[in-house]
Amino acid sequence: MKTIKVPRLFYEDHAGRAANEGKAFWITSDRNTITLEADEAALQALLKDAQWYADRRNHDTGWPALHRSAKATVQRLSA
C-alpha cells in the first residue's frame, strides 16, 4: 500500500466509475485534495483513467476543470 495525495475532483469522478480495481482507502481530504492509501492495482487504474482524461482527443472539451484535474493526477502519480 502507498499513501498519496491526489486532486479531489478527478478522484471523485474516477471513483464513480472504478469497480473492483484494487483497494484504495480515503484517509483525509480538504477542499482540493484527497489523501489515499492505495495498492498498486488501484494506483495503476487511477493513472490509466487520468491519462485518458488528460488527453483532450479522447473526450469533449465541456469539462475543463476535470481535464486539468486529470493532468494534475497524472503528474502526481508519475512523480
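**Exercise 1. Which residues in H1 meet which residues in H2, and how do the two helices pack?**

Conventions. This is a predicted model, in which local features need pLDDT of at least 70, side-chain atom pairs count only at pLDDT 80 or more, and totals for chains, interfaces and linings use all residues. Residues are numbered from 1 along each chain as its sequence is written, and side-chain values use heavy atoms, with hydrogens and water left out.

Solution.

Step 1. Fix the terms. Helices (H or I, at least four residues) and strands (E, at least two) are DSSP runs, numbered from the N terminus. Contact means heavy atoms within 4.5 Å.

Step 2. List the contact. From H1, the residues Phe10, Tyr11, Asp13, His14 and Arg17 meet Ala45, Leu46, Asp49, Ala50 and Tyr53 in H2.

Step 3. Sort by class. Six of the residues in the contact of H1 with H2 are nonpolar, one is polar and three are charged. Here Ala, Val, Leu, Ile, Met, Phe, Trp, Tyr, Cys and Pro count as nonpolar, Asp, Glu, Lys and Arg as charged, and the others, Gly among them, as polar.

Step 4. Give the geometry. The axes of H1 and H2 are 11 Å apart and the helices pack at an angle of about 110°. That makes H1 roughly perpendicular to H2. Axes are lines fitted to C-alpha atoms, for helices over the stretch in contact, and angles run from 0 to 180 degrees between N-to-C directions. Angles under 35 degrees count as roughly parallel, over 145 as roughly antiparallel, 65 to 115 as roughly perpendicular and the rest as oblique.

Step 5. Give the hand. The crossing of H1 and H2 is right-handed. A crossing is left-handed if the near helix is turned anticlockwise from the far one by less than a right angle, and right-handed if clockwise.

**Exercise 2. Which residues of helix H1 are buried, and what covers them?**

Solution.

Step 1. Apply the cut-offs: buried means under 20% relative accessible area, exposed over 50%, partly exposed in between (1.4 Å probe, protein chains only).

Step 2. Within H1 (residues 8–17), the buried residues are Phe10, Tyr11 and His14. Seen down the helix axis, they fall within an arc of 95°, so they line one face of H1. The arc is that of the directions from the helix axis to the C-beta atoms.

Step 3. Recall the helix repeat. An α-helix has 3.6 residues a turn, so residues three or four places apart point the same way.

Step 4. Name the cover. The buried residues of H1 are covered by elements including strands S1 (2–7), S2 (24–29) and S3 (33–38), together with helices H2 (40–54) and H3 (64–78).

**Exercise 3. Compile the surroundings of His14, Arg17 and Leu9 in helix H1.**

Solution.

Step 1. His14 has a relative accessible area of 6%, so the residue is buried. Apart from neighbours within four places in sequence, His14 is in contact with Glu21, Ala45, Leu46 and Asp49.

Step 2. Arg17 is partly exposed, at 36% relative accessibility. Not counting residues up to four places away in sequence, Arg17 touches Phe10, Asp49 and Tyr53.

Step 3. Leu9 is partly exposed, at 42% relative accessibility. With residues up to four places away in sequence not counted, Leu9 touches Ala65, Leu66 and Ser69. The C-alpha atoms of Leu9 and Ala65 are separated by 8.1 Å, although these residues are 56 residues apart along the chain.

**Exercise 4. Describe how H3 packs against H1 and against H2.**

Solution.

Step 1. H1 and H3 pack at an angle of about 95°, with their axes 8 Å apart. H1 and H3 are therefore roughly perpendicular to each other. Leu9, Phe10 and Asp13 of H1 make this contact with Ala65, Leu66, Ser69, Ala70 and Thr73 of H3. The residues of the contact comprise five nonpolar, two polar and one charged.

Step 2. The axes of H2 and H3 cross at roughly 135° and come within 8 Å. This makes H2 oblique to H3. The H2 and H3 crossing is left-handed.

Step 3. On the H2 side, Leu43, Leu46, Leu47, Ala50, Gln51, Tyr53 and Ala54 meet Leu66, His67, Ala70, Lys71, Thr73, Val74, Leu77 and Ser78 in H3. By class, the contact of H2 with H3 has 10 nonpolar, four polar and one charged.
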